[in-house]
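Q: I would like a close look at a single part of this model, namely the places where residues distant in sequence come into contact. Please also set that part in the context of the whole chain.

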Amino acid sequence: MTYRFFTPTPTRAATGRTASVYQQLRDDFLGPLPTFQALSAVPEVLAATWALMREALLAGDTPRVERELVAAAVSRANRCQFCVDAHVLLLHALGAAKLAEAVARGETPTEPRHAALVGWAQASRSPRAADWTSTHVPEITGTLLAFHFINRVVSALLDPDLLPGGLQRSPLVRSVGGRLYAKAAREPKEPGRSLPLLDADPTTSPPAWAGDSPVGVAYASLRDAATGGGDLLLGDVARQTVTATVRWEDGRFPARPADWAVDLVRDVPGTDRIGTRIALLAAFAPSAISPGDVALWRLSHPADADLVRLVAYGAITATDHVARALASARL
């Protein structure tokens, strides 16, 4: 596994909240995988990302196969091959080999409920255009939102191959990997364990779609932590440009992301142009963030933490556009 722009601190050197998150990852998931290590420079974003994924994807009684299917379908809609590969493997681990291979080939599942979940998840990339909403339980909806965020972080900060040469795309490797992770994937997880890791803001209410589920607390925490990076790093005009673009473009993939982003930031103050460009690319086409973009950003913001905050800000702005479609459908 290769990180695109920096190498995180080794897991054995983690302290404080980061070490606590890593321990939960060992206990409840597959360990401190690269997705989470890439976020470790900003512990509050790391903890909130883990909390949302754990409470939505892993905990509670909703069928795990359905949640993994949603995670894989959202990842395909967002063109995050790394995440598609990971969740195909986890479908194997859950004993759903035929479904996993259908997902890997980009086919519609034969079982009607599975087919409906895939269609629903893929439509969420452009929620206004698809007139998209949700009647699913918080765990299903939370999984979808978690991976809208995670897909963008992964595509921005990691190379797309889990294994050298893309070996994870071999059906044999997926099958063997599924058997290795079967026990960990199938163990039940009690809801709420991750919530003590979060910075709880008593003035922030969980979203209406989540009810009193821990998923809602985790989503609200991630939204606050990741949005805070934009407040810290970008001025008002820059943030308004990102928010407005996310709303009017509604998930559309830019044909030429680099040129598209250049045009959008022409009226942004000069000191904010490169940061706005990276945030916009993180929202729409994160793999198009280039070493040149990052080098320019580091002239004024050399810390890894600021790059992670900026990517997380773009990712959560796009994710919250999807979440707001849920809220508006209930008015």
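A: Among contacts in the chain between residues at least 6 apart in sequence, 73% join residues at least 24 apart; a contact here means heavy atoms within 4.5 Å. The model is predicted, so local features need pLDDT of at least 70 and side-chain atom pairs count only at pLDDT 80 or more, while totals for chains, interfaces and linings use all residues. Residues are numbered from 1 along each chain as its sequence is written, and side-chain values use heavy atoms, with hydrogens and water left out.

The secondary structure amounts to 15 helices and 0 strands; helices (H or I, at least four residues) and strands (E, at least two) are DSSP runs, numbered from the N terminus. The radius of gyration, 19 Å, is close to the 20 Å that the globule rule gives for 331 residues, so the chain is as compact as a globular protein of that length. That radius is taken over C-alpha atoms, and the globule rule is 2.2 Å times the number of residues to the power 0.38. The C-alpha trace spans about 55 × 45 × 45 Å along its principal axes. Of the 331 residues, 55% are buried, where buried means under 20% relative accessible area, exposed over 50% and partly exposed in between (1.4 Å probe, protein chains only).

The contacts requested are well illustrated by helix α15, residues 304-329, which contains T319. I316 is found in α15 as well. T319 is buried, with a relative accessible area of 1%, and I316 is likewise buried at 1%. Leaving aside neighbours within four places in sequence, T319 is in contact with L145, H148, F149 and Y219. Under the same exclusion, I316 contacts F149, Y219, L222, R223, A226 and T227. F149 and Y219 thus appear in both lists. Helix α8 covers residues 138-157, a range that takes in L145, H148 and F149 from the T319 list. For the C-alpha atoms of I316 and A146, 170 residues apart along the chain, the separation is 9.6 Å. As background, an α-helix has 3.6 residues a turn, so residues three or four places apart point the same way.

Helix α3, residues 43-58, supplies a further participant, T49. T49 is buried at 2% relative accessibility. Residues up to four places away not being counted, T49 touches F36, L39, F149, I150 and L222. F149 is therefore a contact of T49, T319 and I316, because each of these buried residues has F149 in its list. L222 is shared by T49 and I316. Proximity does not extend to every pair: the C-alpha atoms of T49 and Q81, 32 residues apart along the chain, are separated by 19 Å. T49 also falls within residues 43-97, for which UniProt lists "domain: Carboxymuconolactone decarboxylase-like" in an unreviewed entry. Its positions are given in the numbering used here, its feature names are shortened, and annotations may be inferred rather than shown by experiment. Over residues 43-97 the chain is 80% helix and 0% strand, with end C-alpha atoms 35 Å apart.

D293, in helix α14 (residues 291-300), offers a charged case. D293 is buried at 5% relative accessible area and touches I274, R277, I278, L281 and A288, not counting residues up to four places away in sequence. In helix α6 (residues 97-104), the buried residues are L99, A100, E101, A102 and V103.

Loop residues provide a contrast. R79, in the loop between α4 (64-77) and α5 (81-93), is exposed at 60% relative accessibility, and its phi is near 60 degrees, a positive value in a residue other than glycine. D131, in the loop between α7 (112-123) and α8, is exposed at 69% and has a positive phi of about 50 degrees. For reference, most residues other than glycine have a negative phi. Just after α6, G106 takes a positive phi of about 75 degrees. D27, in helix α1 (residues 16-28), is partly exposed at 38%; the C-alpha atoms of D27 and M53, 26 residues apart along the chain, are separated by 14 Å.
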